[in-house]
Amino acid sequence: MTFYSVSLMWAIVLFGVLLWTTACVLLNAALRRGMGIMGLALSYGVLAWMLYDLPLREAVVTWSVFALLGGGLTVVYELWARRRYAGTDRRARRLLRLEGLVLWPAMIPDAVGLMMNDLGIIPADERSETHQEDTRRITAEHRTDAPL
């Protein structure tokens with residue numbers, strides 16, 4: 001069943017992979033990066049299956065919808081982080097990333113995980129702004145490359 005060239009069945013499969021990967025990233029602090037890579041590989045396996053099973057247009061449109069939504073979620077996280085860490089040493093990251101069209105299956109769990117870290121809902125890891133701020137506070141470390 002398709003809706004505006006989006007295969008609903010394959011959209012549900014991609015959403016399930018995304019949900020599973022995000023849950024693994026959130027619940028397994030020791031393997032966060034590995035789980036993101038595993039979700040990326042699984043998503044590309046689903047893409048290969050979609051390209052075999054669906055007409056090319058439906059496969060590309062379904063994949064692109066998830067890529068755009070993933071990019072939007074990453075932009076929302078970055079805008080939120082810029083506002084939350086305004087006035088600190090945090091360097092702003094790019095809002096739009098072309099590699100996001102390829103890496104979105106790993107970017108979505110990463111953005112959700114980082115936001116949960118920064119909110120204090122799950123333990124912080126070395127990628128989160130909260131962890132970086134805590135490390136600087138504990139070690140009394142100051143950036144030496146800050147512009148004058």
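I began with the lining of the largest pocket, which by class has eight nonpolar, four polar and three charged residues (Ala, Val, Leu, Ile, Met, Phe, Trp, Tyr, Cys and Pro count as nonpolar, Asp, Glu, Lys and Arg as charged, and the others, Gly among them, as polar). I noted that this is a predicted model, in which local features need pLDDT of at least 70 and side-chain atom pairs count only at pLDDT 80 or more, while totals for chains, interfaces and linings use all residues. Residues are numbered from 1 along each chain as its sequence is written, and side-chain values use heavy atoms, with hydrogens and water left out.

**Entry: the pocket**

I looked up which residues lie nearest the centre of the largest pocket, and found G71, L95, L96, R97 and G100 among the 15 that line it. A pocket here is an open set of points on a 1 Å grid over the protein atoms alone, where a 1.4 Å probe fits, with protein on both sides within 12 Å along at least five of seven lines, and lining residues have an atom within 4 Å of a point. Helices α3 and α4 are the elements that give two or more residues to this lining, and α3 supplies the largest share, seven residues. I take helices as DSSP runs (H or I, at least four residues), numbered from the N terminus.

**Entry: α3 against α4**

I next turned to α3 (residues 56–84) and α4 (residues 100–119), which pack at an angle of about 30 degrees with their axes 8 Å apart. The axes are lines fitted to C-alpha atoms over the stretch in contact, and angles run from 0 to 180 degrees between N-to-C directions. The two helices are therefore roughly parallel to each other, since angles under 35 degrees count as roughly parallel, over 145 as roughly antiparallel, 65 to 115 as roughly perpendicular and the rest as oblique. Among the residues that meet are W63, F66 and A67 in α3 and L101, W104 and I108 in α4, contact meaning heavy atoms within 4.5 Å. The residues of this contact divide into 16 nonpolar, two polar and two charged.

**Entry: L101**

I then asked myself what L101 is in contact with, leaving aside its neighbours within four places in sequence. The partners are Y44, W63 and A67, and L101 itself has its place in helix α4. The C-alpha atoms of L101 and A67 are separated by 5.6 Å, although these residues are 34 residues apart along the chain.

**Entry: α1 against α4 and α3**

I found that α1 (residues 8–27) and α4 pack at an angle of about 40 degrees, with their axes 9 Å apart, and are therefore oblique to each other. Their contact is made by L14, L18, T21, T22, V25 and L26 of α1 and W104, I108, P109, V112, G113 and M116 of α4, and by class it has nine nonpolar, three polar and no charged residues.

I closed with α1 and α3, which pack at an angle of about 35 degrees with their axes 10 Å apart. W10, A11, L14, F15 and L18 of α1 make this contact with T62, W63 and F66 of α3, and its classes are seven nonpolar, one polar and no charged residues.
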